[in-house]
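Reader: Please take me through one part of this model in close detail. I would like the helix packing first, then a single residue in its surroundings.

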Amino acid sequence: MAVDRRMVGVFGVAFVLRLLLICLFPSLPDLLTGRVEVSTPVNSFKRLQEGLYLYTRNVSPYDGGVFHQAPLLLPLFSLLPDIHSNPIPTAIFYFLVDLVNAYALVQISESGQSIQSRLHSAVRKHIQWDGVSVAAWFLFNPFTIATCLARSTSVFTTSGILFAVSNAVSGNSVNAMLALGFASYLSLYPALLFIPLVLVCYDQRLQSSKKSPKAVGYVLQHAAILAASVVGLLALSYLITGNFWEFMSATYGFHLLVPDLTPNVGLWWYFFIEMFDSFREFFIGVFWLHLASYVGGLTARLRRQPLFVIASLLGVFAIFKPYPSISDASLYFAMLPLYRHLFPLMRYTFFAISAILYSSLLGPAFYHLWIYAGSGNANFFYAITLVWSLGLSILLADSIFSALRDEWEQDHPEEQGTEVKQV
Amino acid sequence: MTAKSGDPVSLPAEASTPSKSTQRVPAPESPQAIQTRFRVIAAFWAVIIFLGFPIWWQTTSIYRAHLPIQEMVDWADGKLPESQHLLRTTQHTLDDLNEFAAHHLRLKLTNDTNGSPPRTGNDGVDTSDSTPEHAADIALTVHVRPEEGLVAPRSELQPHTTQLDIFYPPSQIPSPSTSNPPLSIFIAQELQRLYGEEKATIAHILSGEIAGLDSASPELTESISRRLRRSMKYAETYHLSFSLFTPGSAPSSWDIEAAIQEYLAPLLDAFAPISNFTIDTQVQLYATFSPMNPDPIYDEAEAAWTLKKEDLSAFINAAEWPLNPSIGSGPTLNFILYVPDPSQSPMIVKENRASSWIVPQWGGVFLLNPPLAKGQTSNPAYLEQDSLQSAFKTFSHQLLTLLGTPSTPSSLPLRLQTLIRVRAASLLLSASSTMGSLARLTESLPSIPIPANVASSVSTTLSHLSATCSHLREGRFNAALATARVAENEAERSFFEKTMVGQVYFPDEHKVAVYLPLLGPIGVPLVVGLIKEVKRLVAAWKARRV
């Protein structure tokens with residue numbers, strides 16, 4: 001590949017910016033690591049350190065109930081030098097992961113799948129950003145930077161998802177499934193992306209080759225690949241931990257049953273604090289089904305744009321996941337610039353962006369009032385997380401609306417530019 | 001919203017007449033779009049039906065194990081055959097109270113108005129010449145001995161055994177011809193006297209707070225209720241905590257282990273069938289009085305420092321002295337040995353020169369004034385076993401009182417036997433009434449879950465209750481107490497089952513508040529979408545038929 005000078009520039013500046021931040025403010029990473037907005041029980045670097053400490057001393061990392069992340073992260077991090085004496089290598093490792101993620105975004109953007117796919121061709125093709133701009137939006141997003149500096153392990157899930165998508169749009173369906181298997185292994189919820197992702201692969205396959213495979217067989221084949229990759233990773237984890245059910249219940253059981261109600265930017269914690277005990281299981285089921293039910297509906301409605309379904313689902317996950325953090329939002333914000341051509345059709349951008357800015361500024365303040373100053377209570381912070389979710393929901397609904405409008409304009413070229421009416 | 005807002009979305013646009021307004025009619029929906037919408041709605045409903053309903057069913061269904069409600073209520077009301085039989089035999093023995101039968105003493109446990117299952121403290125009394133099968137279950141052995149030079153028979157109770165010696169003048173040997181020989185009457189009266197307090201106690205427990213028991217004198221009733229007020233509620237295990245408090249630095253150690261072995265262990269062994277005990281000890285130096293407590297006053301006449309009786313309640317510095325309210329499962333009985341500072345020694349209670357007192361339902365205090373040699377300004381650093389003797393004797397008495405042992409008769413084994421019977425009776429009563437409460441609770445709240453372990457606890461309780469009754473009937477009091485203990489334990493466990501208690505205050509109306517706020521907003525669009533889609537399908541089907 002030809003080395004793009006702009007790309008090198010953007011990546012270099014992003015790298016130097018991160019390096020400057022940790023050199024000028026050495027306490028910044030630890031501060032961010034402790035923030036509830038960034039670190040949740042399932043991606044916290046502090047908890048990873050605890051697990052790592054136990055792991056390197058030959059104790060089960062899940063003893064003590066602090067560590068809830070996938071066991072394969074442990075040998076990876078035990079290779080890095082000690083974080084306390086030498087934090088720079090770990091930080092640089094995270095910077096590189098960020099750059100790799102950005103590179104995957106560049107690939108997704110340059111494939112042009114977001115604008116022109118097998119069944120869909122956007123009306124406003126001329127309005128778009130090139131790959132480097134999309135990568136820049138990702139790399140210079142403050143949420144991404146905060147996630148990277150906080151060394152949250154969500155970035156690995158992000159990598160898995162972005163690589164799954166970038167492989168899918170470039171036709172490597174097997175690699176896409178393997179990457180999705182990695183992401184699902186780390187965080188469970190990316191498995192919900194399977195259906196739209198396999199549709200992206202399928203459309204890509206039909207576009208590139210004359211011989212069209214049977215749809216059902218194709219889906220089953222890829223499901224088998226995904227399952228095999230997850231099983232392989234689980235088997236590796238079993239080799240590491242030695243106690244299968246312990247790590248299954250400490251990681252996936254923790255994701256599914258939501259026992260830790262530490263505040264975060266999501267909607268689950270407050271709800272389950274207030275919940276009657278006897279209804280807890282039922283509402284956990286309801287919340288998970290709510291999260292999962294979007295997959296079918298969105299995929300069916302936006303069959304022509306499976307890549308957009310993936311982007312929207314990432315937005316849905318950022319709102320309705322059990323342990324969301326701003327890293328999930330940053331992933332959604334990374335996918336949105338691929339749909340630059342939809343921006344003119346969006347109607348509430350100002351309101352959505354105001355709500356998101358408002359909540360990201362007031363959130364830490366209200367959390368401080370509640371926890372440290374003691375002059376506020378849990379409702380302060382919860383109200384802010386509601387505003388945050390509201391902002392994201394508006395953005396999500398607005399982008400889905402404009403995608404539909406785009407499809408409709410494609411079907412009815414004569415109606416372009418007319419007023420929209422709700423019927 | 002436009003003029004078309006009333007039209008259901010699912011109707012094809014051709015079906016609606018062009019509106020009068022200037023607005024253009026939107027382009028007709030393509031069949032493809034209709035199919036897409038059908039798929040979207042189907043996708044959501046598939047999740048609800050195939051995943052949502054099973055989860056709802058699985059997570060909110062209430063497991064109610066079967067409970068023998070009728071039997072439980074019968075126990076509480078004392079209507080069961082076992083207890084009725086018990087009642088009959090009791091009545092029967094009561095009826096021939098005036099005849100002397102060597103093998104049964106009966107209780108005047110008449111008119112059990114509450115209908116509670118009556119227990120007899122029905123004491124099998126063996127005369128010395130009979131051969132008992134169960135030595136442990138013999139309540140009292142009566143030795144009847146002739147003694148010369150007596151005018152009237154006299155009795156003597158051995159303080160350390162369960163033996164009553166009756167001496168009678170040889171002239172009073174009952175002849176088979178007389179029906180009521182004076183000696184028999186005398187023995188019967190003696191036995192009545194011995195068991196008088198027990199009878200009254202059991203009657204008191206059975207009748208609850210109802211005063212005016214016909215058989216007991218008011219003084220006896222008063223003393224019994226006072227004793228019951230002082231004593232602890234029955235528990236399977238009691239924790240005994242022995243603490244040495246001293247305001248100075250000495251004594252800093254005591255020969256507590258030997259003292260407990262020597263003075264207390266025999267008593268605790270004797271209590272083994274009734275309760276278990278765990279013991280801990282502590283030494284606390286520099287234990288000061290609470291600031292609220294008035295300082296002891298030096299009394300010239302007594303040559304001692306005196307505490308006023310009304311101030312004794314503030315003697316224990318509850319705020320600063322580390323006296324745990326409860327360690328482990330059972331209630332704690334605290335025994336405090338207080339060694340006053342040499343400058344305030346000896347210390348006694350002003351009114352009666354006593355050096356110990358009991359704190360009802362809590363424990364006991366003993367003031368130990370170690371003998372001080374002339375000019376000695378400090379207490380001995382180590383308390384010998386011998387110097388603890390008086391304290392531990394007092395503690396033993398206090399323990400007996402706190403555990404509710406009756407004050408008469410004078411023989412300790414007899415008192416413990418009485419306690420066994422009283423405890424068995426009260427446990428039987430309490431377990432039965434717990435069963436009744438549980439039955440009422442489960443009947444009045446159909447929405448509470450009944451876990452399987454509650455059902456098994458209930459059946460264990462019921463079987464042990466009937467075993468207790470039959471043991472009581474046959475005079476095996478130790479076995480009766482053992483089964484009653486099991487019954488009480490299981491009854492309490494089933495009644496206070498955690499998963500049940502949580503649901504007690506959860507009426508069905510609350511479910512609306514649980515389901516609606518979240519599921520309402522989600523459900524309305526889904527249901528409306530489903531209805532519209534079904535309408536469209538029905539319309540299409542009709543159109544095809546026409």
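Author: What follows covers two helix pairs in chain A and then one strand residue in chain B. The model is predicted.

Start with helix α8 of chain A, residues 154-169, and helix α16 of chain A, residues 326-335. Their axes come within 10 Å. They cross at roughly 25 degrees. An angle under 35 degrees counts as roughly parallel, so α8(A) and α16(A) are roughly parallel to each other. The crossing of α8(A) past α16(A) is right-handed. Which residues meet there? From α8(A) come A:Ser154, A:Val155, A:Thr158 and A:Ile161. From α16(A) come A:Ser327, A:Asp328 and A:Leu331. By character, the residues of this contact are three nonpolar, three polar and one charged.

Now the second pair. Helix α9 of chain A spans residues 173-187, and helix α10 of chain A spans residues 194-208. These axes, too, come within 10 Å. The crossing angle is roughly 170 degrees. Over 145 degrees counts as roughly antiparallel, and α9(A) and α10(A) are therefore roughly antiparallel to each other. This crossing is right-handed. On the α9(A) side, A:Ser173, A:Ala176 and A:Leu180 make the contact. On the α10(A) side, the partners are A:Phe194, A:Leu197, A:Cys201 and A:Arg205. Here the split is five nonpolar, one polar and one charged.

Next, chain B. Its secondary structure comes to 13 helices and 14 strands. The chain has 546 residues, and 28% of them are buried. Take the contacts in chain B between residues at least 6 apart in sequence: 70% of these join residues at least 24 apart.

B:Met347 serves as the close-up. It lies in strand β11 of chain B, residues 347-349. Is B:Met347 buried or partly exposed? A residue needs 20 or more C-beta neighbours within 10 Å to be buried. B:Met347 has 19 inside that distance, so it counts as partly exposed.

What does B:Met347 touch, leaving out residues up to four places away in sequence? The list holds B:Pro296, B:Ala304, B:Trp305 and B:Leu307. It also holds B:Pro340, B:Leu367 and B:Asn369. Look again at B:Leu307. B:Met347 and B:Leu307 are 40 residues apart in sequence. In space, their C-alpha atoms are 7.4 Å apart.

Definitions and conventions. Residues numbered from 1 in each chain as written. Chains lettered and ligands numbered in written order. Predicted model: local features only at pLDDT ≥ 70, side-chain atom pairs only at ≥ 80, totals over all residues. Helix = DSSP H or I, 4+ residues; strand = E, 2+ residues; numbered from the N terminus. Buried ≥ 20, exposed ≤ 12 C-beta atoms within 10 Å, placed from the backbone. Contact = placed C-beta atoms within 7 Å. Axes fitted to C-alpha atoms, helices over the stretch in contact; angles between N-to-C directions. Parallel < 35°, antiparallel > 145°, perpendicular 65-115°, else oblique. Left-handed = near helix turned anticlockwise from the far one by under 90°. Nonpolar A, V, L, I, M, F, W, Y, C, P; charged D, E, K, R; others polar.
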